[in-house]
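Grab a pencil and keep the viewer open while you work. Each exercise below sets a task and then walks through a solution, one step at a time.

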Amino acid sequence: MNEYLKRIITEALRRLYPELEIPEIHLEKPRIAEHGDLATNVAMTLAKPLRMPPRGIAEALVNELKYDESQLESVDLAGPGFINFKFSPNWLYGALGEVFEKGDSYGKGTLLEGKRYQVEFVSANPTGPLTVGHGRNAVLGDTVARLFEWAGASVAREYYFNNAGRQMRVLGNSVSARYQQILGKDVEFPDGGYEGEYIRDIAAKMVEEYGDTYLSDPENVIFKETAEKVIFEDISVTLKRMNIKMDTYFNENDLYENGSIDDVLKRLEEKDLVYKEDGAVWFRTTKFGKEKDTVLVKSTGEPTYRLPDIAYHANKLDRGYDVCVDVFGADHIATYPDVISALSVLGYDKNRVDVLIYQFVTIVQDGKPFKMSTRKANFVTLDELMDEVGSDVTRFFFLMRSPGTHLEFDIAQAKESGEKNPVFYLQYAFARIQSIMRKVQETTEFKGEVDLKLLSHESEIKVIKSLLDFPDWIISAAMSKEPHRLINYLNELATDFHKFYHDCRIMGEDEKLAQARVQLLQAVSLVMKNGLTILGIEAPERM
RNA sequence: GCGCCCGUAGCUCAAUUGGAUAGAGCAACUGCCUUCUAAGCAGUAGGUUACAGGUUCGAGCCCUGUCGGGCGUACCA
């Protein structure tokens, strides 16, 4: 339909103003239903180049426009110069038919067909269980990946981690200290160590397994290695519970072993973008508009995290992905411009790296905000949260707001199983349809072809139109990396359905009409299911 | 100090990326089930989109400044 409208508008313009360079025709869905199904503002944008009033242009255009009346019901001039198009019911019924043809794959687009995407997310180092803070990252990353898939791309999900470095040493020392304490040795807990209960659990397990074997060897790497193994196991179980499956895990350490770190450094040196000072190696980030240069290698010889970050991104791009998406919390916002600068210097197209930055999550418990810190063991883990509210609610809460705004996670509201909880509105709509279907199937058997033309009630038409919007919203949510748009859409669809069902009954109606309505419900059910699938949320048969 | 993000109904948030009359949910009030899920529907009330300018046919959205909040601004990740 979009293409059709663009074509006839362009043709009309060409006839009216042969001299004019015809701009890209912009079509949008008016906010208000009375303004039609699609509208264009070409007349307004042409006002300046043509030096004519927008309404005058619009009027001429409307008069000149030739269209097929079986497709378009009306074309109107409105407001300051909008041209509003209203689809004919005939076109709507035809389009609705296509929904059934596509079925489970209705909504799948071709925009990103043939593209290879990679989404890197979670990427928490194995120092402790995933917390609610990681939750937003995990769920956003996974859902954005699903959206890319529905937009036609092939997508790889990657988890990047570092099991070397200072953090992990502290982790090992923390376990070692607890291990010794359990065995009765009076050792002091390391300053800044991980205080969480899970450290004790790991130590206890080691006592069980090895007895006091390592009591005389508190520096043994086995403490760190065991902790890493146990914690990773724990993390992957948590992810699985949340419906998240990683394709690859990438260890930062590989970048050292395969020489990419040195290689990147050498290539930056060749471009004269690094220099030595005070025993450290610096990256001339001032050349890219930064206030200060950035240290890449400390005077101890150890790289800062920025260098492996650059090498890692180069590595990802070398693996042939068309686009690599990073999912970052707001605290990482400062680091990625350096990575981008370095990559373009190294000859990569910086548009191949895309970053989704989300604002922090505030947990609200008993009406009060709750500050978290992994090291201080002052946190709510994702597992605890899911024990309380389940994974559907957890995913939904992380997705329902724009990534760009701070998210307030109200545990009380999430626990609420009734109308206060917004997930249920969607799931209920689906379950309600299933129930109606079951009932109808018990009592009636429809014969003959479905006649969609019988769906002429205002709220039926509204439902049909909403159903047809689904693919557009997937693209919109995918390209903006904002899954909440899909949720907003599904909410509207659910509202349209409930309204329809309030206005229109099925049983007791004329059989052909009932049949058409059942068909319509099937379409709603299908879209609802596909939508919830993208969100990674279950569509329950009954509630 | 400087940089990035945010500021919309009492509360939590939308607003299809510059479009027409700024919308939902919760909280408050009023109606609607003897029959297919009322976890629903319909309605009332609630706004100078933090503030002041600017850009243009048109601004919650873009630009400048001010105020308020978050995050950065490490030879931490």
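## Exercise 1: Parallel neighbours

β5 and β6 run parallel and are joined by five bridges. This is a predicted model, so let's start with that pair of strands and work outwards.

**Task.** Find which residue stands opposite Q118, and trace how the chain gets from β5 to β6.

**Solution.**
- Step 1: Look across from Q118 and you land on A156 in β6.
- Step 2: Leave β5 and follow the chain through helix α5, residues 132-150, until you arrive in β6.
- Step 3: Now judge the handedness: this β-α-β crossover is right-handed.

**Task.** Work out which strand pairs with β6 through four bridges, and say whether β6 is enclosed or open to the outside.

**Solution.**
- Step 1: The partner is strand β7, residues 248-251, and the two run parallel.
- Step 2: For a landmark in this pair, use Y159, which stands opposite Y249 in β7.
- Step 3: Count the buried residues of β6 (154-161), where buried means under 20% relative accessible area. Seven of the eight qualify, so the strand is largely enclosed by the rest of the structure.

## Exercise 2: Another crossover

**Task.** Describe how strands β11 and β12 are paired and connected.

**Solution.**
- Step 1: Locate β11 at residues 323-329 and β12 at residues 353-358.
- Step 2: Check the pairing: the two run parallel, with six bridges between them.
- Step 3: Pick a facing pair, such as F328 and I357 in β12.
- Step 4: Follow the chain out of β11, along helix α12 (residues 336-345) and into β12; this β-α-β crossover is right-handed.

## Exercise 3: A three-stranded sheet

**Task.** Put the strands of the open sheet built from β8, β9 and β10 in order, and name its edges.

**Solution.**
- Step 1: The order is β8-β9-β10, with antiparallel pairing.
- Step 2: An edge strand pairs on one side only, and that fits β8 (274-277) and β10 (294-297).
- Step 3: Ignoring direction, neighbouring strands here are turned by 45° against each other on average.
- Step 4: Zoom in on β8 and β9 (residues 280-283), which share four bridges in the antiparallel sense. In this pair, K276 stands opposite V281 in β9.

**Task.** Now visit the loops of this sheet: are D278 and G289 buried or exposed?

**Solution.**
- Step 1: D278 sits in the loop between β8 and β9, while G289 is in the loop between β9 and β10.
- Step 2: Exposed means over 50% relative accessible area. D278 has 67%, so it counts as exposed, and G289 has 69%, so it does too.
- Step 3: For a sense of distance, go from G289 to V353: they are 64 residues apart along the chain, and their C-alpha atoms are separated by 19 Å.

## Exercise 4: Two positive phi angles

**Task.** Compare the settings of D278 and K481, two residues with positive phi.

**Solution.**
- Step 1: Read the angles. Phi is about 50° for D278, which is not a glycine; K481, also a residue other than glycine, has a phi near 55°.
- Step 2: Place K481 in the loop between α16 (458-480) and α17 (484-503).
- Step 3: Check the surroundings. D278 is exposed, whereas K481 counts as buried, at 10% relative accessibility.

## Exercise 5: Zooming out

**Task.** Locate the largest nonpolar core relative to the domains.

**Solution.**
- Step 1: The core has 145 residues, and F148, L239 and L486 touch the most other members.
- Step 2: Helix α18 (residues 511-535) gives the most to it, with 13 residues.
- Step 3: Domain 1 (2-87) and domain 2 (419-535) both give residues, so the core lies between them.
- Step 4: The C-alpha centres of these two domains lie 32 Å apart.

**Task.** Sum up chain A, and say how confident the prediction is.

**Solution.**
- Step 1: Chain A has 18 helices and 15 strands, and buried residues make up 51% of its 543 residues.
- Step 2: Along the principal axes, its C-alpha atoms fill a box of roughly 90 × 65 × 40 Å.
- Step 3: The mean pLDDT is 91, with 98% of residues at 70 or more.
- Step 4: Among the elements, strand β5 has the highest mean pLDDT (97) and strand β14 (residues 368-370) the lowest (73).

How values were computed
Residues numbered from 1 in each chain as written. Chains lettered and ligands numbered in written order. Predicted model: local features only at pLDDT ≥ 70, side-chain atom pairs only at ≥ 80, totals over all residues. Heavy atoms only, no water. pLDDT = per-residue confidence, 0-100. Pairing = 2+ DSSP bridges. Axes fitted to C-alpha atoms, helices over the stretch in contact; angles between N-to-C directions. Buried < 20%, exposed > 50% of the residue type's maximum accessible area, 1.4 Å probe, protein only. Right-handed = clockwise from strand over helix to strand, strands pointing away. Core = buried A, V, L, I, M, F, W, Y, C linked by side-chain atoms within 4.5 Å. Domains from an automatic or database assignment.
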